[in-house]
Amino acid sequence: MGIVTKEELLAKVGTVIGVSDWMTVDQETINKFADATGDHQFIHVNPEMAKMTPFGTTIAHGFLTLSLMPALSAKADLPRLDGIKMGVNYGCDKLRFLAPVKSGKRVRAHFKLVSLEEKRPGQWQQLQEVTVEIEGEDKPALIAEWISQFFV
């Protein structure tokens, strides 16, 4: 979608402003996340033991799926405010992990612009509802309200 004015972006409040490309969540990615966070629970890193669970295989950490949002955002061609000097993650409001992402599955994100407001001159806050879909699954992996701030 590219660079847009604040008026153009404000007109998109309440609509889906982008859908990312698919991204594979493979065992190597899950293992690296486990190493980075120290969370080596068998359901994530031990395929043999994970076969005995209801999932039948290893699953990604919920926080791994959440941490993919910036990468998925970059693969979604989302509209960007004209003149941004810097953007930062400000956090999440409602966040729910609804279904596990099994190793080897592909995910993509749907981004709905919930609100955009100027907090102070040159500082904008954006709230997006992000749904991370799992290919071939009925339930999404997660739904989150993602808050970002931009400085122009």
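**Notebook: strands, a pocket and one odd loop residue**

I started with strand β3 (residues 23-25), which pairs with β6 in the antiparallel sense over 3 bridges. For pairing I use the rule that DSSP must find at least two bridges between two strands. Strands are DSSP runs of E with at least two residues, helices are runs of H or I with at least four, and both are numbered from the N terminus. Inside the β3 pairing, T24 sits opposite R106 of β6.

Note to self on the source: this is a predicted model, where local features need pLDDT of at least 70 and side-chain atom pairs count only at pLDDT 80 or more, while totals for chains, interfaces and linings use all residues. Residues are numbered from 1 along each chain as its sequence is written, and side-chain values use heavy atoms, with hydrogens and water left out.

**More on β6**

I then looked up the other partners of β6. Strand β2 (residues 16-19) pairs with β6 (residues 105-120), again antiparallel and over 3 bridges. V19 faces H110 of β6 there. With strand β7 (residues 123-134), β6 runs antiparallel and shares 12 bridges. One opposite pair I noted is R108 with E133 of β7. β6 and β7 make a hairpin with 2 residues between them, and G122 in that turn has a positive phi of about 85°.

**T131**

I picked T131, which lies in strand β7. Leaving out residues up to four places away in sequence, T131 touches R108, A109, H110, P140, L142 and I143; contact here means heavy atoms within 4.5 Å. I also checked T131 against M69: they are 62 residues apart along the chain, with their C-alpha atoms separated by 9.5 Å.

**Pocket**

How big is the largest pocket? I get a volume of about 240 Å³. The residues closest to the pocket's centre, out of 19 that line it, are S73, R80, W146, S148 and F150. The elements giving two or more residues to this lining are α6 (69-74), β4 (80-81), β5 (86-97), β7 and β8 (142-151). β8 gives the most, with 4 residues. By class I count 11 nonpolar, 7 polar and 1 charged. Nonpolar covers Ala, Val, Leu, Ile, Met, Phe, Trp, Tyr, Cys and Pro, charged covers Asp, Glu, Lys and Arg, and the others, Gly among them, are polar.

Method: on a 1 Å grid over the protein atoms alone, a pocket is an open set of points where a 1.4 Å probe fits, with protein on both sides within 12 Å along at least five of seven lines, and lining residues have an atom within 4 Å of a point. Points are joined across faces, edges and corners, and the volume is the space filled by probe spheres set on them.

**D77**

D77 caught my eye: its phi is positive, about 50°, although it is not a glycine. Most residues other than glycine have a negative phi. D77 sits in the loop between α6 and β4. Is D77 buried or exposed? D77 is exposed, with a relative accessible area of 52%; the bins are buried under 20%, exposed over 50% and partly exposed in between (1.4 Å probe, protein chains only).

**Whole protein**

I finished with totals. The protein has 6 helices and 8 strands. Buried residues make up 38% of its 152 residues. Among contacts between residues at least 6 apart in sequence, 71% join residues at least 24 apart. The C-alpha atoms fill a box of roughly 55 × 30 × 25 Å along the principal axes.
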